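Colleague: I have a few questions about this model before I go back to the bench. Can you take me through them briefly?

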Amino acid sequence: MERIKTAIVGASGYTGMELLRLLLVHPQVELVAATSRQEAGKPIHAVFPRFRHAPAAELAFIEPDPDAIAATGAKVAFLALPHGVAAEIARALLERGLKVIDLSADFRLRDAAVYAEFYGHEHPAPDLLSQAVYGLPEVRAEEIAKSDLIASPGCYPTSIILPLVPLLAEKLIDPATIVANSYSGVSGAGRKADISLLFVECNESVRAYGLPKHRHLSEIEQELTLAAGEQVTITFLPHLMPVTAGIHTTTTAKLAPGIDPEAVGRSLEAAYARSAFVRVLGRGGYPDTKNVTRTNFIDIGWQYDARTGRVILLSAEDNLGKGAGGQAVQSFNHMFGLEETAGLQNF
Ligand SMILES: NC(=O)C1=CN([C@@H]2O[C@H](COP(=O)(O)OP(=O)(O)OC[C@H]3O[C@@H](n4cnc5c(N)ncnc54)[C@H](OP(=O)(O)O)[C@@H]3O)[C@@H](O)[C@H]2O)C=CC1
Ligand SMILES: CC(=O)N[C@@H](CCC(=O)OP(=O)(O)O)C(=O)O
């Protein structure tokens with residue numbers, strides 16, 4: 001089978017680097033373009049020496065010019081760009097016949113007014129929103145397979161939505177009582193200069209941020225509302241923790257009246273029994289970020305607190321893996337009719 005010519009736009013950032021790590025060795029991919037304004041002209045391995053051994057890393061970064069990207073023959077482009085920037089480049093690449101998998105938030109929301117509310121500026125391409133599919137393969141693999149524009153979910157949302165969707169769909173929990181407490185590694189903030197992200201500011205310290213209305217609430221509530229069939233509004237408490245990568249989320253919600261707590265376990269097991277990347281650890285299981293970093297797995301455990309009537313859901317993933325690059329490659333595999341696990345079978 002001919003390999004699929006693929007571009008990474010914004011390949012010099014952290015999610016770009018993760019995409020390079022996965023796509024440089026993906027058996028069905030030929031990387032034909034990697035963009036960076038700051039690194040244009042340099043071979044990939046000169047910017048990321050970890051890829052020195054990969055022959056494909058001789059490829060030089062190019063400017064993020066849609067004509068230049070299309071001229072490489074790329075059939076698909078992963079966009080690892082800031083919000084706002086991604087939408088314009090997506091439009092230009094779609095017009096040139098490429099499929100687009102966008103890792104930014106630009107196409108995650110169905111409603112441009114909600115985007116404006118949470119992102120503080122008008123949506124840059126509202127006319128494209130209706131053709132985008134929220135790229136959570138465990139929830140909508142069939143739609144992903146048919147789409148030319150994938151909005152890959154945010155890192156925190158993935159860790160919150162996947163444990164909750166089956167329970168909301170089966171009405172096992174009270175949607176009005178959901179609280180999600182998340183801890184993210186510092187790479188979640190991107191590869192940018194910011195005093196609050198310096199080693200000395202983050203190391204050996206944990207802090208909450210973005211309260212009470214972090215922008216990820218918009219996509220989390222959108223997806224939970226769709227699963228529940230009624231409006232869901234949650235409390236989301238993000239924290240920065242001093243590790244390079246990994247997200248741990250603890251979500252609690254009241255068990256719905258008359259429900260057997262064991263139904264929670266049955267629901268999670270049934271929802272993800274055939275899932276290649278969701279590992280349900282069962283009642284009493286404790287997910288740990290060290291078991292999922294550098295992989296596309298999300299581990300989920302659960303417990304029931306009979307004193308408060310609350311279900312406790314625990315999840316761990318890599319913010320750059322299942323929370324970004326790995327999940328985007330999983331969608332790519334669906335779009336091109338490949339094995340879902342192609343290029344993602346590392347532990
Ligand atoms: N970090 C994470 O854990 C996650 C991030 N995301 C999302 O993925 C996207 C990328 O994130 P991340 O990799 O962390 O970001 P980084 O800041 O690490 O990288 C951004 C990339 O975009 C390029 N870029 C920046 N501005 C422009 C511009 N105006 N035009 C063209 N290229 C530009 C940069 O290269 P250069 O400046 O050289 O052009 C760089 O390659 C973001 O939208 C982010 O929100 C999603 C899930 C998780
Ligand atoms: C630790 C940290 O700063 N994390 C980022 C989320 C990264 C992510 O998933 O973001 P996108 O929606 O931007 O794609 C934040 O809270 O803004």
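Modeller: Start with a cut-off: a residue is buried if 20 or more other C-beta atoms lie within 10 Å of its own, and exposed if 12 or fewer do. Keep in mind that this is a predicted model.

Colleague: Is C155 buried or exposed?
Modeller: The cut-off for buried is 20 or more other C-beta atoms within 10 Å. C155 has 28 of them within 10 Å, so C155 is buried.

Colleague: Which feature does UniProt place at C155?
Modeller: The entry is unreviewed. Annotations of this kind may be inferred rather than shown by experiment. The feature that UniProt places at C155 is "active site".

Colleague: In which helix does C155 lie?
Modeller: The helix covers residues 155-169. C155 lies in that range, in helix α7.

Colleague: Which residues does C155 touch, leaving out those up to four places away in sequence?
Modeller: Contact here needs C-beta atoms within 7 Å. With the sequence neighbours left out, C155 touches S184, G188, I247, N319, G323 and A324.

Colleague: What surrounds ligand 2?
Modeller: C155 is part of the surroundings, and so is S184. By class, the shell has 5 nonpolar and 6 polar residues, with no charged ones. The full set is S104, A105, G154, C155, S184, G188, A189, G210, H216, P238 and L240.

Colleague: Which side chains of strand β9 point to the buried face?
Modeller: Strand β9 covers residues 235-240, and its side chains alternate. T235, L237 and H239 point to one face and are not buried. The other face is buried and holds F236, P238 and L240.

Colleague: In what sense do β7 and β9 pair?
Modeller: β7 covers residues 179-184. V179 stands opposite T235 in β9. The two strands are joined over 6 bridges, and the sense is parallel.

Colleague: How many bridges join β8 to β9?
Modeller: β8 covers residues 207-208 and runs antiparallel to β9. A208 stands opposite H239 in β9. The number of bridges joining β8 to β9 is 2.

Colleague: What is the radius of gyration of the protein chain?
Modeller: The chain has 11 helices and 13 strands. For 347 residues the globule rule gives 20 Å, and the chain comes close to that, so it is as compact as a globular protein of that length. Its radius of gyration is 20 Å.

Colleague: What percentage of the 347 residues in the protein chain is buried?
Modeller: Along its principal axes the C-alpha trace spans about 60 × 45 × 40 Å. Of the 347 residues, the buried ones make up 48%.

Conventions: Residues are numbered from 1 along each chain as its sequence is written. Chains are lettered from A and ligands numbered from 1 in the order in which they are written. This is a predicted model: local features need pLDDT of at least 70, side-chain atom pairs count only at pLDDT 80 or more; totals for chains, interfaces and linings use all residues. Helices (H or I, at least four residues) and strands (E, at least two) are DSSP runs, numbered from the N terminus. Two residues are in contact if their C-beta atoms, placed from the backbone, lie within 7 Å. The radius of gyration is taken over C-alpha atoms; the globule rule is 2.2 Å times the number of residues to the power 0.38. A residue is near a molecule or strand if its C-beta atom, placed from the backbone, lies within 6 Å of it. Ala, Val, Leu, Ile, Met, Phe, Trp, Tyr, Cys and Pro count as nonpolar, Asp, Glu, Lys and Arg as charged, and the others, Gly among them, as polar. Two strands pair if DSSP finds at least two bridges between them.
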